[in-house]
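Visitor: I work at the bench and would like a close look at a single helix, followed by a tour of a few other places in the chain. Please take your time and keep the terms clear.

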Amino acid sequence: MIVLNLMLNGIYGFDDFHINFTYPKKIINSLIEDENLKGRERFRYKKAVILMGANATGKTSLGKALLRIFGYMESGNPVPLCEMAAREKGDFTIDFVNGDYRLQRLHAKIDAVGNGVEIRYQTAEIGVMDSYEKCLAKLVDHTDEATRTATSLKKLIGEVRYRFAYPEIEKTLKLTGMNKRILLKTLRAVIGTLDPTLQDVSLAKDLKDTFIIRRDGTEIIIQEGKLLNREVLSSGTAEGIDVAMFLAAMIAKEGSFYYCDEHFSYIQSDIEKRIFGIMLDHIGENEQMIFTTHNTDMLDLNLPKHSYTFLRKQLEDGVYKVSAISASEVLKRNTDSIRNAVENDVFSSLPQDSLLDELELEVGK
């Protein structure tokens, strides 16, 4: 699954929201290889996106919206879509490619009161010389075909493979024999780095799909991908287990779309950068990852400017609206520094701390 463009209206805190994951010009000597659909060099997409912004700008909500949209593609159940509508009605449009050479577009109007969804579905064949922009002009309506039966849309879209990780969700890794070895190796490396006393990680002999971490007579259990006694670990170590699960899923190719949200809050900056680099190495052909973070040290990575997108919440006509801006839209020169731009709030993505200024003045009196 590759997401190319997303528009949300009346969804969570998003109104007239638009975020694009394509880019127009090939980057020479980029650290990220093959940022295009395999066999279609001109059909370019952002393979890895670092999503940044102040608190409450929608980084987690964006992931939740995508998760529910993907779920609808799989099940056709409209209820989860209706639950994300902020008011009585909402709508979204998503452009994507899913395992073949078709640009697909799904537009949905959500009626939260009636628990109903009205969809429009379009596709376009992606030619050898086609770009995303060129394919947009070729979209053909297949709504009748997509709505013929309860499973028609699912069959047209194909299998949707994805992995999401954020604090409110737990998803098990589908453990095959190979995946068990991958997860065991990943757990040992990640947890052992965060806490050297937790290097004794083994696969349980008597319990199915269970890993045991031993320390000073204490056994920490991970069963079917879920950490059972989280309370005995520090926040950073517990978070590290979640990160290891996500990274193992990437290495095992469990999905083709990955969304990692706020999983490094208690982990040192250098470790976050190192693990992100490993994730980057494991994004394969026709795969995509969105990675949200508050860590400004991530701005120093040698990535294309289009890899950085910033969410900002601004007051417009008396209403706060969230918008997305890619660093490449503003910084055109190779010498432009993303860090300097962020520190000077070029993207309007820093928290507004004027109320704290007022508090300091009051305290100083």
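Guide: What follows starts with one helix and then moves outward to some loops, a strand and the whole chain.

This is a predicted model, in which local features need pLDDT of at least 70 and side-chain atom pairs count only at pLDDT 80 or more, while totals for chains, interfaces and linings use all residues. Residues are numbered from 1 along each chain as its sequence is written, and side-chain values use heavy atoms, with hydrogens and water left out.

Let's begin with helix H7, residues 235-251. Helices (H or I, at least four residues) and strands (E, at least two) are DSSP runs numbered from the N terminus. The expected span of a helix is 1.5 Å times one less than its number of residues. For the 17 residues of H7 that gives 24 Å, and the end C-alpha atoms are indeed 24 Å apart, so the two values agree. H7 is also mostly covered, with 14 of its 17 residues buried. Here buried means under 20% relative accessible area, exposed means over 50%, and partly exposed is in between (1.4 Å probe, protein chains only). Just after H7 comes Lys253, with a positive phi of about 60 degrees.

Most residues other than glycine have a negative phi. Two further positive values sit in the loop between strands S1 and S2, at Tyr12 and Asp16. S1 covers 2-9 and S2 covers 17-20. Phi is near 50 degrees at Tyr12 and about 50 degrees at Asp16. Tyr12 is partly exposed because its relative accessible area is 23%, whereas Asp16, at 58%, counts as exposed.

For a second helix, turn to H8, residues 269-281. Its 13 residues should span 18 Å and its end C-alpha atoms are 19 Å apart, which agrees. The buried residues of H8 are Ser269, Ile271, Glu272, Ile275, Phe276, Met279 and Leu280. An α-helix has 3.6 residues a turn, so residues three or four places apart point the same way.

Which residues does Asn36 touch, not counting those up to four places away in sequence? They are Glu41, Phe43, Arg44, Tyr45 and Asn286, where contact means heavy atoms within 4.5 Å. Asn36 is found in strand S3, residues 36-37, and counts as buried because its relative accessible area is 17%.

Leu350 lies in the loop between helix H10 (338-343) and helix H11 (354-364). It is partly exposed, at 33%. Leaving aside neighbours within four places in sequence, Leu350 is in contact with Ala54, Val342, Glu343 and Asp345. Gly71 is 279 residues from Leu350 in sequence, and their C-alpha atoms are 33 Å apart.

Finally, step back to the whole protein, which has 11 helices and 18 strands. Its radius of gyration, taken over C-alpha atoms, is compared with a globule rule of 2.2 Å times the number of residues to the power 0.38. A compact globule of 365 residues would come near 21 Å, and the protein has 22 Å, which agrees. The C-alpha atoms fill a box of roughly 65 × 65 × 50 Å along the principal axes. Of the 365 residues, 50% count as buried. Among contacts with a separation of 6 or more, 60% join residues 24 or more positions apart.
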